[in-house]
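Reader: I'm new to this one and would like a close look at a single part before I try to take in the rest. Could you walk me through it once I have it in front of me?

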Amino acid sequence: MIFTVRRALTSLVFCTTVVFLLWYIPAAIKPTVPDPEERKRDEEWVNSSPYWFDRQMCRWLGVCGIQHIRWDAPALPGPDGDDGRDLKLELMKLFALGWSTGRVYTGKSGSRPRWESAPVDLKRDEASTAKIMNEVPDYVLDYAPLVHLYSGENFWPSDIAEHIEHMVPFRGETKLNTSVDLEHLARLNAEKETVFLTSEVNVESRPAWLHNRVGQPVPFDDDGDDTPDPDSDDEEEKWGWRDHKRPSSGTTWWDADKEHPTHRIADPRHKNDGRVRKPFEKRNTRGGGQHPMVGNFGYNDEDKNKPDHSGYSNGPAVLILVDKGGGIVDAFWFFFYSYNLGQTVLNIRFGNHVGDWEHCMLRFENGQPRAMFLSEHAGGQAYAWEALEKRPQKNGKPDRPVIYSAVGSHAMYASPGMHPYVLPFKMLKDLTDRGPLWDPALNNYAFWYDYEVDHREENNPPEQERTSLMPAAKNPHLPTSWFHFDGYWGDDTYPLADRRQWRLFGEYHYTTGPLGPKFKNLERKKVCQMERCRLLYSIEAGKKAKWYS
């Protein structure tokens, strides 16, 4: 009798502990607390399941849609061999289980204008062109980051002009009877509810535009002799450091904007070198020619046929420059991918979403790089300039920073290797390596952004053109409406009833697509995207820091 009671109590304690952990872990691992609107959306999401047992398991144990769990392969089998290597048998499960019929996905009813082929009457007139900012400064391109994409990547840099051709706007479950283009995208802000740019096809069919394999960078011609050796014990050889000294500018460059300009400080760690620096010329133009963009705004057809350069990708980056005053300029390099493939835990994938905006930001003071922020999922890390790996350049150009894009998620890191996040015990992790090297300076859409003007224009009607974002002189005819679109660049979170969806420990198989660059806190005072900001002075320190710090 005593033995039976003991076993019953042990079982009860075990079950109670399991239930508590299933309830506690999702709340403990999240860096942010959900607001009332998010909690309401979550309740609606749970209620979307037609099964009572599924809803209860989801509410009380945090185990949602377990009947949907199966292998989610990066790519489908194809004649070119891009089939996820040895995964062909598992891939067949994608078709055996089917997917939700909650939405009807149809092919394109007709072609829509592409960004690079906008009609003449959509281009800016002379009066508008007169307000365009000047050229991108030399130093922004001289110090532009070089990005190592993962060697086993399946989803390469994309062109937002190409991406939007395959999307249709949805308001909830309602498809809007309107076409979308980058010249007028902000007009969707007039809708009373949030708009999601939704894929016209089931993304698990892996259409070619989702992968954008033509966006893989052109290999570099050099033999890699100057590539840092990660196994070396020498710090300069390991990370490519050229200068281990911390910045000696003597100003508060790390916490500044137009309302809070930099001021001089006496840093007790360094003596003043007494040098007088030349005045900052923020509109200095870059000498020589830049590689033409994919689009044809301002370029002839013959320009598009020029030979590709090492590191060139057909997927253009988006460069947004923000003048913070006092010699401080933030250069935001945004990298767009049509798909974010989440990582796996016990062969179960989490975190997929359509559309993926990642970015890094270089802060300059009087034309000198001071620090870089690297976006990682909902957070990121900030590094002092001297902490970053560098790659030597030819023709007397300064060394450029080298950063790493994680496989699938494209999160940005300062070093190759494994990068755990969210879940404990390294269960969920990003992987980076020295894969194809991408040079976004060769192909980008460049703009200047004035957040003070944006504040004055925030109450303008959606159909009215805004002037807070202006194209740089090298691409004067680029449209800007896309920047002000306040909806999402990918599908909404699939409901629990959708056979593609599940959630375990608070982590979804499919999450909501991202907001655009405008909502990445471009007017930030500190280097980090979030107010909480710790500046790291070594790559090793970054490996020990939290991913949302």
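Reader: Let's zoom in on strand β5: which residue in β5 is the bridge partner of M167?

Author: That would be S199: in β5, S199 is the bridge partner of M167. Before going further, keep in mind that this is a predicted model.

Let's stay with this strand for a bit. Strand β5 covers residues 196-199, and 4 bridges join it to strand β3, residues 167-171, with the two running antiparallel. Another pairing along the way puts P169 opposite L197 in β5. These strands belong to an open sheet of 3 strands, in the order β4-β3-β5, with antiparallel pairing. In that sheet β5 is an edge strand, and so is β4 (174-175), each pairing on one side only. Both faces of β5 are covered, though: F196 and T198 on one side are buried, and L197 and S199 on the other are buried too. So S199, the partner of M167, is among the buried residues of the strand.

For a contrast, look at strand β17, residues 429-432. One of its faces, with D430 and T432, is covered, while the other, with K429 and L431, is uncovered. Strand β17 pairs with strand β16 (residues 417-420) in the antiparallel sense, over 4 bridges. In that pairing M418 stands opposite L431, and L431 is on the uncovered face.

Now let's step out to another sheet. This open sheet has 8 strands and mixed pairing, and its order reads β20-β19-β6-β7-β10-β11-β12-β23. Its edge strands are β20 (469-471) and β23 (535-536), and each of them pairs on one side only. Inside the order, strand β10 (residues 353-365) and strand β11 (residues 368-376) run antiparallel and are joined by 6 bridges. One of the matches there sets L362 against M372 in β11.

Strand β12, residues 379-384, is where you'll find G379. That glycine is buried, with a relative accessible area of 4%. Its C-alpha atom is 7.4 Å from that of M530, although G379 and M530 are 151 residues apart along the chain.

What about the inside of the protein? As a rule, nonpolar side chains in soluble globular proteins tend to be buried together. Here, the largest nonpolar core has 49 residues, and L185, I320, W482 and W489 have the most contacts inside it. Strand β7 (residues 328-340) gives the largest share of this core, 5 residues. There's also a second, separate core of 37 residues, which includes Y337, M372, W448 and L536. You've already met M372 as the bridge partner of L362.

I320 is a good residue to click on. Leaving out residues up to four places away in sequence, I320 touches D330, A331, F332, F334, F447, Y449, L469, F483, P517 and L522. Several of those names come back when you look at rings: F332, F334, F447, Y449 and F483 are among the residues that ring pairs link into a cluster, along with F336, W357, W482, F485 and W489.

Across the whole structure, a search finds 19 aromatic pairs. One of them is between Y143 and F364; their ring centres are 6.2 Å apart and their planes are at 50°, so this pair is tilted. It links distant parts of the chain, since Y143 is in the loop between α7 (138-142) and β2 (146-148) while F364 is in strand β10, 221 residues away. Both Y143 and F364 are buried.

Rings also have charged company in a couple of places. The charged end of R391 sits over the ring of F220, 4.8 Å from its centre. Over at Y494, the charged end of R500 sits over the ring, 3.9 Å from its centre.

Finally, the whole picture. The protein chain has 14 helices and 23 strands. It has 549 residues, and 53% of them count as buried. If you take contacts between residues at least 6 apart in sequence, 72% of them join residues at least 24 apart. The chain exposes about 26,400 Å², and carbon and sulfur atoms supply 53% of that.

How values were computed. Residues are numbered from 1 along each chain as its sequence is written. This is a predicted model: local features need pLDDT of at least 70, side-chain atom pairs count only at pLDDT 80 or more; totals for chains, interfaces and linings use all residues. Side-chain values use heavy atoms; hydrogens and water are left out. Two strands pair if DSSP finds at least two bridges between them. Buried means under 20% relative accessible area, exposed over 50%, partly exposed in between (1.4 Å probe, protein chains only). A nonpolar core is a set of buried Ala, Val, Leu, Ile, Met, Phe, Trp, Tyr and Cys residues joined through side-chain atoms within 4.5 Å. Contact means heavy atoms within 4.5 Å. Rings of Phe, Tyr and Trp (its six-membered ring) pair if their centres lie within 6.5 Å; planes under 30 degrees apart count as stacked, over 60 as edge-to-face and the rest as tilted. A charge sits over a ring if NZ of Lys or CZ of Arg is within 6 Å of the ring centre and within 35 degrees of the ring normal. Accessible areas come from the Shrake-Rupley method with a 1.4 Å probe; for residues, only the protein chains shown count as cover.
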